[in-house]
Amino acid sequence: MVRLTPEQALAAAAQDRLVNIVSAPGSGKTTVAAERFGYQRHLIGDARGVLGLCFNRAAVAELRVRVNARWGGGAISPPHRVMTFDHLHVELLHRLLDAGLVNWPNGLRELDVRDDYRGTPGFRFLTPPNNFQRVAVLDGRRNVVSVGRKVEQPTTGIGNVGAHRALLSAGVVSHDDVRNILLSAMVVDELREFASSWLTESFRSLVIDEVYDAAILDLNVAFLAAEAGLDVTLIGDPWQALYKWRGATPDEVQRLLGATTDRFVEYQQPQSFRFVGDQMPELARALRNGEPISLPSGTSEQVDVALARTWRPLWSAGDNILPLSFRTIENATDAALNLLLDVVTRGRLGVSSFGREAAIARLGLDRERFLAEQDRVFQPIVAGLRAGKAPANVLDEVRSAIRDLGVSRPRRLGAPAEVERIAQVERLAVRLAKDSVVPGLTVYQAKGREWERVGVVLTTAQRALLAAGLHELEDEHCVVYVALTRAKRLCVRLDGDPALDQDTLDMRPGDG
């Protein structure tokens, strides 16, 4: 039997058509989502479905489990469904194709939709300023075509127009390209009206989890549903709006809340079940109230995980901290070092390095061959580093290993950059000598997770923000808020090397 707080019960059974549930960290957001879904599902008098929408497959699986446990398997039998936004977008695109409103190359109606173009001809690492990434859009005749967009930051994708056109002509398309196509479709009145009608005919209610992770296209769905008369429930927290860098538009959520003809009714979920002990309940309350905070100093030996805005400061915050990345992959040497680190993180922490797939693409490795041979090739190098081999020699061995895997050997870098990469290898050697290590993550990898004891590496500017009090929906404020609220019992400040203060570094999420 699920026991709900009064606030949870009120939100789950709200009679309002448009509902905005604001959930603090650890307040039982998924529990409320499952309750709200089940409540909507069992309202009688309308045969249309209830649709639960999440932003990744793991969240969909979790919501399905919760709904099934609380309401039984029939709660998500057709026409009632729980799916990702990506899945919904693919369904809409197929409907547009079937209706003849959008034209695919070669007249195709069935598509092979993939997470990305990894493993296809033309897929590679793309860097600014002179590269263009090919994306799919609609032209003026509603034909799906390939266009080039200038690369603003390092990424993976297809840069060759012929390779991209060949994939589209074969019906192969990535989820990102599905989104690009639908974004261009939603500015055409007839196509937008078709999407609205399809939603109205299929569903009577939408429950959207983690709405502050939503991109413009996702919010279009919510707006169309709300204006078409469907019941719409938004669940999320403006204090945890982190994913702007992935295309999410948290500021636009507030615009959506104010733009619909009928107004959303807000239901606050302030009670957290995460925080215990003396420090964290009071810290969480003060953070949310915008009160000045001075985080106590601690050491890496006190914590279960270390968090920072970017990767590099984590390497100086404690020798027992093993970050999942060295830095942004800027060149082939960085990619090779990431794959060396991957062997260590899998062995010591049971997780892959962050950016492993980008590193494989950057080097042009055959992925299946590499994964089959990685440990055989890199384990001896790790063993040599653990045994005291000079970091400069290890870096040379890493480059040779890449050549032995059938691709070009990474070139030496300029003197300062070469010194820094050797220092990275030396920092890794220090971790190999430790009996145990704790993971180092950026705040972006930590969102949605929790640990008993958390150490946070704060920049000078972030400490100043805390001292003045945080505010919701401010990018850097949200980063600090999410970092500090991952802890259940203890959160301390870890001091790293001032030379690696993130304020002086590139501020792309996950970089550094």
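So, which helix gives the largest share of the lining of the largest cavity? That's H8, with four residues. Keep in mind that this is a predicted model.

Let me back up to the cavity itself. Searching the whole structure turns up five cavities of 30 Å³ or more, and the largest of them holds about 80 Å³ of space. Who's around it? The lining is made up of Leu88, His89, Leu92, Met186, Ala195, Trp198, Leu199, Leu217, Asn220, Val221 and Leu224. Three elements give two or more residues each: helix H4 (85–98), helix H7 (189–202) and helix H8 (216–227). If you sort that lining by class, you get nine nonpolar residues, two polar ones and no charged ones.

Okay, now H7, since I'd like to walk along that one. H7 has 14 residues, and at 1.5 Å a residue they should span 20 Å; the end C-alpha atoms are 20 Å apart, so the two agree.

Which residues of H7 are buried? Those are Leu191, Ala195, Ser196, Trp198 and Leu199. They cover an arc of only 160° around the axis, so they sit on the same side of H7. You'll recognise some names here: Ala195, Trp198 and Leu199 also line the largest cavity.

And what do the buried residues of H7 pack against? Their partners are H4, strand S6 (132–138), helix H6 (175–185), strand S10 (203–208) and H8.

Then turn H7 around. On the face that points away from the buried side, you'll find the exposed residues Asp189, Glu193 and Glu201.

Terms used. Residues are numbered from 1 along each chain as its sequence is written. This is a predicted model: local features need pLDDT of at least 70, side-chain atom pairs count only at pLDDT 80 or more; totals for chains, interfaces and linings use all residues. Side-chain values use heavy atoms; hydrogens and water are left out. On a 1 Å grid over the protein atoms alone, a cavity is a set of points where a 1.4 Å probe fits but cannot get out, and a pocket is an open set with protein on both sides within 12 Å along at least five of seven lines; lining residues have an atom within 4 Å of a point. Grid points are joined across faces, edges and corners, and a volume is the space filled by probe spheres set on the points. Ala, Val, Leu, Ile, Met, Phe, Trp, Tyr, Cys and Pro count as nonpolar, Asp, Glu, Lys and Arg as charged, and the others, Gly among them, as polar. The expected span of a helix is 1.5 Å times one less than its number of residues. Buried means under 20% relative accessible area, exposed over 50%, partly exposed in between (1.4 Å probe, protein chains only). The arc is that of the directions from the helix axis to the C-beta atoms. Contact means heavy atoms within 4.5 Å.
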